[in-house]
Amino acid sequence: QVQLVESGGGLVQAGGSLRLSCVASRIILSSVNMGWYRQAPGKQRELVATAIRDGTIDYADSVKGRFTISRDNAKNTVSLQMNSLKPEDTAVYYCTAGWSRRASDVWGQGTQVTVSS
């Protein structure tokens, strides 16, 4: 079965940066859409960014200009570069893959990102 494994989470001060990575196995990355979601305590899960097979990239308004999603189909990886982090970015971040534009059919186990003020 398809597996997505995230890494790169951690604790960072406000204004800092983190880079999340996701390695996909048992799937050809170029055949699916990829995404990053996050869920903060007590809040609903939120779509952060998507990288569509046709090259389209989209971001939630809350992260535009600060986060960058990128995919390397040759290495079967997708990354999320997060700059100018804010305390409200604190959440568990999930790597996802799918066949719709929401890229939500397959989920990784999640990685914790904590931004201190």
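**Exercise 1. Work out what share of the contacts between residues at least 6 apart in sequence joins residues at least 24 apart.**

Start with the contacts in the protein between residues at least 6 apart in sequence. Within that set, pick out the pairs at least 24 apart: they make up 56%. Keep in mind that this is a predicted model.

**Exercise 2. Find out how many helices and strands the protein has, and how its radius of gyration fits the globule rule.**

Let's go through the secondary structure. There are zero helices and eleven strands, so reading from the N terminus you just get β-β-β-β-β-β-β-β-β-β-β. Next, take the radius of gyration, which is 13 Å. The globule rule gives 13 Å for 117 residues, so the protein is as compact as a globular protein of that length. For its extents, the C-alpha trace spans about 40 × 25 × 25 Å along the principal axes.

**Exercise 3. Describe the surface and the charges of the protein.**

Begin with burial: 44% of the 117 residues count as buried. Then look at what is exposed, about 6,000 Å², with carbon and sulfur atoms supplying 48% of that area. Now for the charges: there are 13 positive and 9 negative side chains. The centres of those two sets lie 2 Å apart.

**Exercise 4. Place Thr 96 in the structure and decide: is it buried or exposed?**

First, locate it: Thr 96 sits in strand β9, residues 91-98. Second, check its relative accessibility, which is 0%. Buried means under 20%, so Thr 96 counts as buried. Third, look at who surrounds it. Leaving aside neighbours within four places in sequence, Thr 96 is in contact with several residues, among them Leu 4, Trp 36, Tyr 37 and Trp 107. Ala 103 is on that contact list too, and its backbone oxygen lies 2.5 Å from a polar atom of the Thr 96 side chain.

**Exercise 5. Do the same for Gln 109: where is it, how accessible is it, and what does it touch?**

Gln 109 belongs to the loop between β10 (106-107) and β11 (111-116). Its relative accessible area is 48%. Exposed would need over 50% and buried under 20%, so Gln 109 is partly exposed. Not counting residues up to four places away in sequence, Gln 109 touches Leu 4, Val 5, Glu 6 and Tyr 94. Leu 4 is also a contact of Thr 96. As a last step, try a distance: the C-alpha atoms of Gln 109 and Ser 30 are separated by 21 Å, and the two residues are 79 apart along the chain.

Definitions and conventions: Residues are numbered from 1 along each chain as its sequence is written. This is a predicted model: local features need pLDDT of at least 70, side-chain atom pairs count only at pLDDT 80 or more; totals for chains, interfaces and linings use all residues. Side-chain values use heavy atoms; hydrogens and water are left out. Helices (H or I, at least four residues) and strands (E, at least two) are DSSP runs, numbered from the N terminus. The radius of gyration is taken over C-alpha atoms; the globule rule is 2.2 Å times the number of residues to the power 0.38. Buried means under 20% relative accessible area, exposed over 50%, partly exposed in between (1.4 Å probe, protein chains only). Contact means heavy atoms within 4.5 Å. Accessible areas come from the Shrake-Rupley method with a 1.4 Å probe; for residues, only the protein chains shown count as cover. Lys and Arg count as positive and Asp and Glu as negative; His and the chain ends are not counted. The place of a charge is taken as NZ of Lys, CZ of Arg, CG of Asp or CD of Glu. A polar contact is a pair of N or O atoms within 3.5 Å; within protein, one must be able to donate a hydrogen and the other to accept it, and residues adjacent in sequence count only if both atoms are side-chain atoms.
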